[in-house]
Amino acid sequence: MKVYQADQIKNISLLGSSGSGKTTLAEAMLFEGGVIKRRGNVENNNTISDYHRVEHEYGYSVFSSVLFTEWEDKKLNFIDAPGSDDFISGAITALNVTDTSLMVLNASQGVEVGTENLFRYTDTYHKPVIFVVNQLDHEKANFESTFESAREVFGRKVVIIQYPLNVGPDFNALVDVLKMKMYKWGPDGGVPEVLEIPDEEKSRAEELHNELVEAAAENDEDLMELFFEKGSLDEEEMRRGIRKGLVARDLFPVFCVSAAKDMGVRRLMEFLGNIIPLVSQMPPKKTSKGEVVPCDPNGPASIFVFKTSIEPHLGEVSFFKVMSGKVSEGMDLINMSREAKERLSQLYCVAGNTRHKVEELQAGDIGATVKLKETKTNHTLNEKGCNYIFEPIKYPDPKYRTAIKPVSESDDERLGEVLQRMHEEDPTIIVEYSKELKQIIVYGQGEFHLNTMKWRIENNDKLPIEFLLPKIPYRETITKQARADYRHKKQSGGAGQFGEVHLIIEPYYDEMPEPSVYKFNGQEYKVNVRNTEVVDLAWGGKLVFCNCIVGGAIDNRFMPAILKGLMEKMEEGPLTGSYARDIRVCVYDGKMHPVDSNEISFKLAGRNAFSQAFKEAGPKILEPIYDVEVRVPSDRMGDVMSDLQGRRAVIEGMNSEKGFEVIKAKVPLKEMNKYSTSLSSLTGGRAFYTMKFSKYDKVPPEIQQELLAAYEAETKSKKEE
C-alpha cells in the first residue's frame, strides 16, 4: 500500500445517533474508495465496521471502528463512533485524534438526543462539523423537517449544499448548490449522471446558492470584498471560504445521501477530498508540558496510542496516531509511561475487521500494530532521545455503578483479569476492588453500558457473573464527649497479659483548641497533653491521638500499640462496620504490670476502651453526598425537580445555559442508584447530568435505624453460619 504524506491525509470522525446509518455510510465510502469490493449491510451482520458478536446481537455499534479509504490520491482515515451515550468513549476518542466530524442525521428522525449530545462534544473540542442527512429513501424521510430542526438547534450557521428532489422510496436525485448541478442515479446508485438543474428548481437553487456564497464570504475579508465587487464567487473561491468557515465552526454544511443505495456518497467524498483540512493544515499538537509538536515527517518519531482492542485470532491490537516523524516495521520505540522498549514488528492500516500491511506511516497518519508488551491506551512511544509525552484522553465521570461477582467463587481471579482487559478496551469502565465494602464495584456510563459488558463476559469469556446492589461507603463518627476505661488481663500459665487504658473521645474539627479539662457525671478530669499525633485517614477525615499520660502510668513504648488498637476500630466502626472518622482521643491514665504488660495487651485494652466510649458518644452514621448537576429541557424541568426531591436532594440553584435548564443539587449517593436510567425515562433521553463527591453528612434518624437493624441482622447471620 502507498505511503501517504501529511499533505495527503485527512482524519475524520463519523458521529451520529444510534440508527442514523453511520455504519452503512462507512461501508459505502470504503466501497467507493475501492478498499472493499462489495458492500455489506447491518441486517446481514456482514459490515466491515460493526463486526463484534455483541454488535450483531444488539444491531448497532458498541465499539468505535478505525477505517480508511483512498480517494483522488488522498487517504481518508475515519473513526466510526457508537451513537449511544452509554458508549461515549468511542466518540471522545475519535474527536481527540481526528480533525473534522461528519454528523449523520436520520432523515426520518431529524435532530435526535444523541445528535445534540455529540454536537456538544464537537464544540468542546472545537471540531468542524459537516451534517449528512441519510436515509432519504426511507418512506418517512422528511428533508425539510430535518434541516429545520438542525437550524433550530444549531443555529443559522447550518447551510444547505445539497437538497433532495424526491424524498422517499423513489429517491434518486438531488440538487447541489455549490456545483449548481443536479445529480441523478440509477437503481444501483454509484456513479451519477450530472445534469442541469430543472427549470422548476432553478429559483430555489439560486436562492440557496446565494446563501452559501454569503456564508462562505463571511469568513474571509478578501472574499467578502470580491463578493461585493462581483456579486458572486467562483467555485474555488467558495471552497476557500467554506474551508475557513468549517475550521472556525462558523459554517456547518448540509449534504444528502442514501448510504444504503450508494447515492450521494461519491459527491460527499469529493467534498471531503477537496475542502476539509489536511492534517498538515491543522494547528500543531502540544505535549503535556506545552511543547509544540509540528506534524512533520522529518521530526523525531513519536506515536500516541488512543485505543486498545482484543481481536479474535490476533490478540491485543494497539491503534495509534503518528504525532511526529515516521515509523516503520521493525522500529524500536520507548514507552514513556513504562520506560520500556517496544518493537513495532508489524504495521497496518485498518479498515474495520480487515488489516492492510504497510511498511511505513508518516506524521498525521493513523495505523495499528500488534503484540506490544507494556503499551496501553493513552501511552506515548518515542524514538530514543525524544521526550514527548501527550496528554491522556479525558473521559466523562461515571454515572452508574454496580457490584459484580462471579457465580462460582473459584472464578474470582479470572474475573479480575477479564475486568482489567475490559477497562483497557474501554476506559470509561472503571473497576474498584473495595476492601471497605468487600465488593468489586464497576462504574460505567449507564445501565445499558454495564449490561453490555455483562453480555460480553458471559458470552465471549464464558464466565457466568451476577450484578448486586452496590453497598454505600458510609462513615461513622461521634457527636459528643465520652469516657471509658478497659483492663485487659489474661493468665494461662507462664507470662500473662496485662494492660489498662483510660481514655476520653470527642468529635474533632480543624483548628480545635488543645484539650485541658473534661467533666463527666460531675467529676472533672484534667489532662496535660505531652504530644499529639494527627493521622490523616485514607478514607477521609482524621484521627487525633493525644498522649496525656503523667507519672509513668503507661510507658511511652506502649503508646504506638494503643494507637494501633484505635486504628483497628476506626477501620471497623461499632455501628455498622464502616470506617470511622474525625475523632480526637486523649489517653490520660492506665496501669501496667512489670512482667505481664506487652504491646498486644495495650493494643487490645485501647481497642476495647475506644469501642465502649464510641457507643456512649452519640454515634452517628455519615453518608456520602454528591454535587449533582442536571441539564434538562425546560419542558421536563418539573418532572426532574420532583424526582430529585424524592431522592432527598437539596436544590442549591437553577440557571439557563445553552438551551438547557441547569439544576444544581446535593444528593446522597444512596439515592442515585439507577438515576441515569430514571432520568433518561423522564426526559426521553434529552437530559444529562454529572456528579462529583462533595462531603459526608449525617443520615436522617429513620435511615440510621434501618442501617443499624440491617447490620445487626447481617452480623447475627454470620455468627450462625
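Q: Before we look at Glu-342, what does contact mean here?
A: Contact means that heavy atoms lie within 4.5 Å, and please keep in mind that this is a predicted model.

Q: Fine, so which residues does Glu-342 touch?
A: Not counting residues up to four places away in sequence, Glu-342 touches Met-331, Asp-332, Leu-333, Asn-335, Leu-372, Lys-373, Glu-374, Thr-375 and Leu-381.

Q: And where does Glu-342 lie?
A: Glu-342 lies in strand β18, which covers residues 340-344.

Q: How far away is the nearest side chain of opposite charge?
A: That side chain belongs to Lys-373 and is 6.6 Å away, and Glu-342, although buried, has no salt bridge. Since a salt bridge needs a side-chain nitrogen of Lys or Arg within 4 Å of a carboxyl oxygen of Asp or Glu, the 6.6 Å to Lys-373 does not qualify.

Q: What does the side chain of Glu-342 reach, then?
A: The side chain of Glu-342 reaches the backbone nitrogen of Lys-373 at 3.0 Å, and it also makes a polar contact, at 2.9 Å, with the side chain of Thr-375.

Q: Switching to Tyr-474: buried or exposed?
A: Tyr-474 has a relative accessible area of 8% and is therefore buried; as for its place in the chain, Tyr-474 lies in the loop between β27 (465-468) and β28 (475-477).

Q: Which residues is Tyr-474 in contact with?
A: Leaving aside neighbours within four places in sequence, the contacts of Tyr-474 include Glu-436, Ser-578, Tyr-579, Leu-622, Lys-670 and Tyr-696. In the case of Leu-622, the two residues are 148 apart in sequence, while their C-alpha atoms are 5.7 Å apart in space.

Q: Which residues lie nearest the centre of the largest pocket?
A: They are Leu-437, Lys-471, Ile-472, Pro-473 and Tyr-474, from a lining of 43 residues, and the pocket holds about 1200 Å³ of space.

Q: Which element gives the most to that lining?
A: For the largest pocket it is α16, with six residues; elements that each supply at least two residues include β37 (620-632) and β40 (688-698).

Q: What about closed spaces, how many cavities of 30 Å³ or more are there?
A: There are four cavities of 30 Å³ or more, and the largest cavity holds about 210 Å³. Its lining has 21 residues, with Val-62, Phe-63, Ser-89, Glu-425 and Asp-426 closest to the centre.

Q: Which elements give two or more residues to the lining of that largest cavity?
A: Those elements are α3 (88-97), β14 (302-311) and α11 (447-459), and α11 provides the largest share of the lining, four residues.

How values were computed: Residues numbered from 1 in each chain as written. Predicted model: local features only at pLDDT ≥ 70, side-chain atom pairs only at ≥ 80, totals over all residues. Heavy atoms only, no water. Buried < 20%, exposed > 50% of the residue type's maximum accessible area, 1.4 Å probe, protein only. Lys, Arg positive; Asp, Glu negative; His and termini not counted. Polar contact = N/O pair within 3.5 Å; in protein donor to acceptor, adjacent residues only side chain to side chain. 1 Å grid on protein atoms, 1.4 Å probe; cavity = no way out; pocket = protein on both sides within 12 Å on 5 of 7 lines; lining within 4 Å. Points joined across faces, edges and corners; volume = space filled by probe spheres on them.
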